[in-house]
Amino acid sequence: MKYFGSRIHHTRALPLGLVRADPGPPFSLTFDGQEIQALPGQTVAAALWSAGITAWRTTRGSGSPRGVFCGIGVCFDCLVTVDGRPNQRACLVPAEPGADVRTQRGTGHDG
């Protein structure tokens with residue numbers, strides 16, 4: 001990090017470094033049966049993004065893929081099924097060790 005007057009120039013600005021965060025050790029959860037890693041304090045959406053997964057819901061009518069849109073729990077584009085509970089907003093739900101996260105198709109209810 002280099003200081004120039006009142007501005008800070010980061011040669012490599014990483015979010016954890018910017019906030020001086022020191023998260024605990026990573027843990028595992030599953031997404032559609034695939035094990036992914038998450039850090040304490042991450043949401044399900046953040047864990048999915050970190051794993052390179054950007055879509056985890058399909059729309060009712062056309063089956064179009066969706067992921068995070070607003071990131072603050074307003075739009076409902078990021079719905080997932082977590083531990084059998086459909087319609088969970090991935091941007092608000094904390095990632096938990098051992099959680100079973102699934103792609104949500106349509107309304108998230110069978111039939």
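A residue is taken as partly exposed when its relative accessible area falls between the bounds of under 20% for buried and over 50% for exposed. Arg 102, with a relative accessible area of 37%, is therefore partly exposed. The structure described here is a predicted model, and the account below moves from the pairing of strand S3 to the nonpolar core, the salt bridges and some individual loop residues.

Strand S3, which spans residues 27–31, presents two faces: Phe 27, Leu 29 and Phe 31 make up the covered face, whereas Ser 28 and Thr 30 make up the uncovered one. This strand is joined to strand S4 (residues 34–38) by 5 bridges, and the two strands run antiparallel. Within this pairing, Leu 29 of the covered face stands opposite Ile 36 in S4. S3 is also joined by 2 bridges to strand S9 (residues 100–105), and here the strands run parallel. On that side Phe 31 has Val 101 in S9 as its bridge partner.

The hairpin formed by S3 and S4 has 2 residues between the strands, and Asp 32 takes a positive phi in it. The phi of Asp 32 is near 50 degrees, a positive value in a residue other than glycine. Asp 32 is found in the loop between S3 and S4, where its relative accessibility is 35%, so that the residue counts as partly exposed.

The largest nonpolar core contains 20 residues, of which Leu 29, Trp 56 and Val 101 touch the most other members. The elements giving two or more residues to this core are S3, S4, helix H2 (44–50) and strand S7 (79–82). Helix H2 gives the most, with 4 residues. Two of the residues named for their contacts in the core, Leu 29 and Val 101, also appear in the strand pairings described above, Leu 29 opposite Ile 36 and Val 101 as the bridge partner of Phe 31.

The count of salt bridges comes to 3. In one of them Asp 77 is paired with Arg 57, and the closest N and O atoms are 3.2 Å apart. This pair links distant parts of the chain, as Asp 77 is in the loop between strand S6 (65–66) and S7, while Arg 57 is in strand S5 (residues 57–58), the two residues being 20 residues apart. Both partners are buried by the criterion of under 20% relative accessible area, because the value is 18% for Asp 77 and 12% for Arg 57. The side chains of Asp 77 and Arg 57 also make a polar contact, at 3.2 Å.

Asp 77 forms a further salt bridge with Arg 66, in which the closest N and O atoms are 3.9 Å apart, a value to be read against the cut-off of within 4 Å that applies to salt bridges. Since Asp 77 lies in the loop between S6 and S7 and Arg 66 lies in strand S6, this pair ties together parts that are 11 residues apart in sequence. Arg 66 has a relative accessibility of 31% and therefore counts as partly exposed, whereas Asp 77 is buried. Arg 57, Arg 66 and Asp 77 are accordingly linked in a network of salt bridges. When residues up to four places away in sequence are not counted, Asp 77 touches Arg 57, Arg 66, Gly 67 and Phe 69.

Another salt bridge is formed by Asp 100 with Arg 102, the closest N and O atoms being 3.1 Å apart. Asp 100 is partly exposed, with a relative accessible area of 25%, and Arg 102 is likewise partly exposed, with 37%.

The loop between S6 and S7, where Asp 77 has its place, holds further residues of note. Phe 76 is found in this loop and has a positive phi of about 70 degrees, although it is not a glycine. Phe 76 is partly exposed, its relative accessible area being 42%. Cys 70 also lies in the loop between S6 and S7, and with a relative accessibility of 29% Cys 70 counts as partly exposed. Between Cys 70 and Cys 91 the separation in sequence is 21 residues, while the C-alpha to C-alpha distance in space is 8.6 Å.

Terms used. Residues are numbered from 1 along each chain as its sequence is written. This is a predicted model: local features need pLDDT of at least 70, side-chain atom pairs count only at pLDDT 80 or more; totals for chains, interfaces and linings use all residues. Side-chain values use heavy atoms; hydrogens and water are left out. Buried means under 20% relative accessible area, exposed over 50%, partly exposed in between (1.4 Å probe, protein chains only). Two strands pair if DSSP finds at least two bridges between them. A nonpolar core is a set of buried Ala, Val, Leu, Ile, Met, Phe, Trp, Tyr and Cys residues joined through side-chain atoms within 4.5 Å. A salt bridge is a side-chain nitrogen of Lys or Arg within 4 Å of a carboxyl oxygen of Asp or Glu. A polar contact is a pair of N or O atoms within 3.5 Å; within protein, one must be able to donate a hydrogen and the other to accept it, and residues adjacent in sequence count only if both atoms are side-chain atoms. Contact means heavy atoms within 4.5 Å.
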